[in-house]
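Got the viewer open and the selection box ready? Here is a short walk through the fold, one selection at a time.

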Amino acid sequence: MFYKQRSDKQSFDKKTANKDNANKDALYDLSQVKSTSKKQLPKVYIQSAVHAAEMQGSAVIFKLIEQLKNLTLHAEFTLVPNCNPFGRTQRAGEYLQGRYDATTGNNWNRFYHYEPSDVVEFVETLTEQQISLIENGSESELVLAFKSFLKYKFGLKLDQDWGVNTAQFLNTTLQEIAVDADIVLDLHTGPASTHHIYSPEFLTQSAHAFNFENIISIPTTFAGALDEASFTPWVYLAELLKQKGITLNYKVNAFTIELGSQENICLTQAQSDSGGILNYLQANNLIDGFVGVTPVEVTTTLLKNYKTLFSKHAGMVEYLAKPGDKVNKGQVIARVLNSLEFDTKHAVVDVTAPESGTIILHYPSAAVQVGTQLFKIAVS
Ligand SMILES: [Zn+2]
């Protein structure tokens, strides 16, 4: 669904976007909210629920639409509140399958398109005129040309004779919309999780403006997610141009924002979460008139210190440490019950924190196997 801004006042039209006529009522019926302006403004793209069970972002987009109508916008906004409607139809028992395509096991957030050879090809086709424009301090033409080039590559991928898999189709279709944006926010949640942001290293400082307690600082490499697919081509383009003695300053600012736990909607929390996003947008001069937030203490953790604790025991688990809790090395953070040992002293096994840090998330179920990802901890 598109919501299109009617005038300089923030009112929105909406229409259905669709690429797959054979599945128009379910698979690729993308919901979108878009505002436009005649002036060349920066563009903001925000999507939610590509992992279909992670719905809090959709509530946050609802709250953003309510508030954006009453703020001064210095940017165009494209908002996609339910970007994977097909995923929303896939259940395992009472719960949404969520992170994975139930048919293939593919992670819905790992099939965005990025090919380093595309960037090489683009640089090889640059004209003398384009290069001289950048050298004279005007990047905008090159930026638009690269965005068009990337969009052309997405089209080629989607139209290829051998076809693409369902996750590739969904992801690349979303990228065709997101590629125009200068700011890309992909809203997710963890399983049972506290708020945290994945920020590329070069944006970690600016990510503080979101006012969420935990930032995980990630390297600028590609592992298939939308945030990476959005900033990585620009980082590599700048690198290739630098080899030619040309400086490109432009980068797409992209983040993955984890808004608590899956299978959960809280409109009160969504109001507060949207405040963090509006605070970031205002700090970057993309909106005006937002009242601001009460600052929280923000901790930044390098990805290499964001560690997974795998269960060494099978059984039923009681989570003693909750998402957001600070824990000390050696502290008992969970207990695992083993029904085969109820009459022995091995009935309950304590799980301790291997290092001090913040519990970011834990496994959502109380039944675990050996090797289950029990906790993820931002080690301090
Ligand atoms: Zn997710």
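**First stop: E176**

Select E176: this residue is partly exposed, because 16 other C-beta atoms lie within 10 Å and a buried residue would need 20 or more. Bear in mind as you look around that this is a predicted model. E176 sits in helix α5. Now add F154, which is 22 residues away along the chain, and draw a distance between the two C-alpha atoms: you should get 6.5 Å. Which residues does E176 touch, leaving aside its neighbours within four places in sequence? They are K151 and F154.

**Widen to α5**

Next, select residues 166-178 to get the whole of α5. The helix has 13 residues, and at 1.5 Å a residue they should span 18 Å; the end C-alpha atoms are 18 Å apart, so the expected and modelled spans agree.

Now colour the helix by burial. Which residues of α5 are buried? They are A167, L170, N171, T172, T173, L174, Q175, I177 and A178. To see what lies over them, show β6 (43-48), β8 (76-80), α4 (140-159), β11 (183-190) and α7 (226-243), which are among the elements covering those buried residues.

**Keep α5, add α4**

Hide the rest and leave α4 and α5 on screen. How do their axes cross? They come within 9 Å and cross at roughly 155°. Since angles over 145 degrees count as roughly antiparallel, α4 is therefore roughly antiparallel to α5. The crossing is left-handed.

Turn on side chains where the two helices meet. From α4, pick K151, F154, K157 and L158; from α5, pick F169, T172, Q175 and E176. By type, the residues of this contact are three nonpolar, two polar and three charged. While you have the helices up, check the spacing of the picks: an α-helix has 3.6 residues a turn, so residues three or four places apart point the same way.

**Over to α1 and α8**

For another helix pair, select α1 (residues 56-68) and α8 (residues 267-283), whose axes come within 8 Å and cross at roughly 65°. These two are therefore roughly perpendicular to each other. In this pair the crossing is right-handed.

Here is the selection for the contact:

- On the α1 side, take Q56, A59, V60, F62, K63, L64 and Q67.
- On the α8 side, take L267, A270, Q271, D273, S274, I277 and L278.

Coloured by type, the contact between α1 and α8 comes out as eight nonpolar, four polar and two charged residues.

**Two loops beside α8**

Stay with α8 and look at the loops. In the one between β15 (253-261) and α8, select E263. Its phi is near 55°, a positive value in a residue other than glycine. E263 is partly exposed, with 16 other C-beta atoms within 10 Å.

Then jump to the loop between α8 and β16 (287-288) and select N285. N285 has a positive phi too, about 60°, although it is not a glycine. Is N285 buried or exposed? It counts as exposed, because it has 10 C-beta neighbours inside 10 Å and the cut-off for exposed is 12 or fewer.

**Zoom out**

Finally, show the whole protein chain as a cartoon: there are eight helices and 25 strands to find. Of its 380 residues, 42% are buried. If you plot a contact map, look away from the diagonal: among contacts between residues at least 6 apart in sequence, 67% join residues at least 24 apart.

Methods. Residues numbered from 1 in each chain as written. Predicted model: local features only at pLDDT ≥ 70, side-chain atom pairs only at ≥ 80, totals over all residues. Helix = DSSP H or I, 4+ residues; strand = E, 2+ residues; numbered from the N terminus. Expected span 1.5 Å × (residues − 1). Contact = placed C-beta atoms within 7 Å. Axes fitted to C-alpha atoms, helices over the stretch in contact; angles between N-to-C directions. Parallel < 35°, antiparallel > 145°, perpendicular 65-115°, else oblique. Left-handed = near helix turned anticlockwise from the far one by under 90°. Nonpolar A, V, L, I, M, F, W, Y, C, P; charged D, E, K, R; others polar.
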